[in-house]
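Visitor: Hi, I'm new to this one. Could you put it up and walk me through it?
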Amino acid sequence: MDGNGGQYNPRTVEEVFRDFKGRRAGMIKALTSDVEEFFTQCDPEKENLCLYGFPSEQWEVNLPAEEVPPELPEPALGINFARDGMQEKDWIALVAVHSDAWLLAVAFYFGARFGFDKNERKRLFSMMNDLPTIFEVVTGAVKKQVKEKSSISNHSSNKSKPVSKMQRMADPPAKYSKPAPPKEYIEEEDDDEEDEHGDTLCGACGENYASDEFWICCDICEVWFHGKCVKITPARAEHIKQYKCPACTNKRSR
């Protein structure tokens, strides 16, 4: 399945990596920000269901492909049957592990099909390996890595690293500047700021800080996120008294 009704065959390392990132982003949405909808769709009373991620960063719960062998490797079959037989967080983690395995299978299927040599396969894996796994994202392991990396790289900045960028770019209220940076820090050049914050990772997608994007910090776990990854715009952020990321919201609801 390609999710868009047409055949899609990436042929270069860069194209396969873009395909991987799109499918990964869609599956992360299903298991984090869209987890309630995902949980509902995985009805144990239905037939064997699979979680698909698409290059368009969308996701879908559906029956497996009818053709044998399928056009692409298939995701784990019957994820819905285990939904009510274990704790929700454990079930989500299980789906995440199988989703990681499927993404690698699809990427290397394209590599084999289009004749990637040893160096191309190595480069593709290196690019994919630079991103946290879906399992790491949904279980919070990536947040621990972000905190540890941040504390090691810049003790003086603490958790306020992307603040000056947010203030220049989206002008959020003062409550999102935790703690507020010194005036002279705000007035530093963008290039210096990019270098200093380059190791800050988004708690959802795991990608690095970029000065042209809006970020927001969770008031519970104190991890930073791209606004687009958690569906928060600068305008919406101005009206949020206390922001809780999808993972913290799900923990509280359970």
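Visitor: Which residues have the most contacts inside the largest nonpolar core?
Guide: Those are L31, F38, L51, L124 and I134, in a core of 36 residues. A nonpolar core here is a set of buried Ala, Val, Leu, Ile, Met, Phe, Trp, Tyr and Cys residues joined through side-chain atoms within 4.5 Å. Buried means under 20% relative accessible area, exposed over 50%, and partly exposed in between (1.4 Å probe, protein chains only).
Visitor: Which elements give two or more residues to this core?
Guide: They are α1, α2 (35-41), β1 (50-53), β2 (59-62), α3 (88-113), α4 (118-129) and α5 (134-139). The most comes from α3, with 9 residues. Helices (H or I, at least four residues) and strands (E, at least two) are DSSP runs, numbered from the N terminus.
Visitor: And what lies apart from that core?
Guide: Another core, of 20 residues, including A204, F214, F225 and C245.
Visitor: Before I go on, what am I looking at?
Guide: A predicted model, where local features need pLDDT of at least 70 and side-chain atom pairs count only at pLDDT 80 or more, while totals for chains, interfaces and linings use all residues. Residues are numbered from 1 along each chain as its sequence is written, and side-chain values use heavy atoms, with hydrogens and water left out.
Visitor: What pLDDT does the protein chain average?
Guide: 79, and 72% of the residues score at least 70. pLDDT is the predictor's confidence in each residue, from 0 to 100. Over residues 156-161 it is below 50, and that stretch has 15 contacts in the model beyond near neighbours in sequence. Residues 163-187 also have pLDDT below 50, with 61 such contacts. Contact means heavy atoms within 4.5 Å. Where pLDDT is low, the predicted coordinates should not be read in detail.
Visitor: OK, back to helices. Why is α1 largely enclosed by the rest of the structure?
Guide: Because 14 of its 19 residues are buried. Helix α1 covers residues 13-31 and reaches 27 Å from its first C-alpha to its last, close to the 27 Å expected at 1.5 Å a residue. That expected span is 1.5 Å times one less than the number of residues.
Visitor: K21 lies in that helix. Is K21 buried or partly exposed?
Guide: Partly exposed, with a relative accessible area of 29%. Leaving aside neighbours within four places in sequence, K21 is in contact with L131 and E207. K21 and L103 are 82 residues apart in sequence, yet 9.1 Å apart in space, C-alpha to C-alpha.
Visitor: What about S99, where is that?
Guide: In helix α3. S99 counts as buried, at 4% relative accessibility. Not counting residues up to four places away in sequence, S99 touches M27, L51 and I134. A polar atom of its side chain lies 2.8 Å from the backbone oxygen of V95.
Visitor: Where does UniProt place the "transmembrane region"?
Guide: At residues 91-112, according to an unreviewed entry. UniProt annotations may be inferred rather than shown by experiment. In the model, residues 91-112 are 100% helix and 0% strand, with the end C-alpha atoms 32 Å apart.
Visitor: Last one: which residue in the loop between β1 and β2 has a positive phi although it is not a glycine?
Guide: E57, which sits in that loop with a phi of about 70°. E57 is partly exposed, at a relative accessible area of 39%. E222 has a positive phi too, about 60°, and its place is in the loop between β3 (215-217) and β4 (224-226).

Methods. A polar contact is a pair of N or O atoms within 3.5 Å; within protein, one must be able to donate a hydrogen and the other to accept it, and residues adjacent in sequence count only if both atoms are side-chain atoms.
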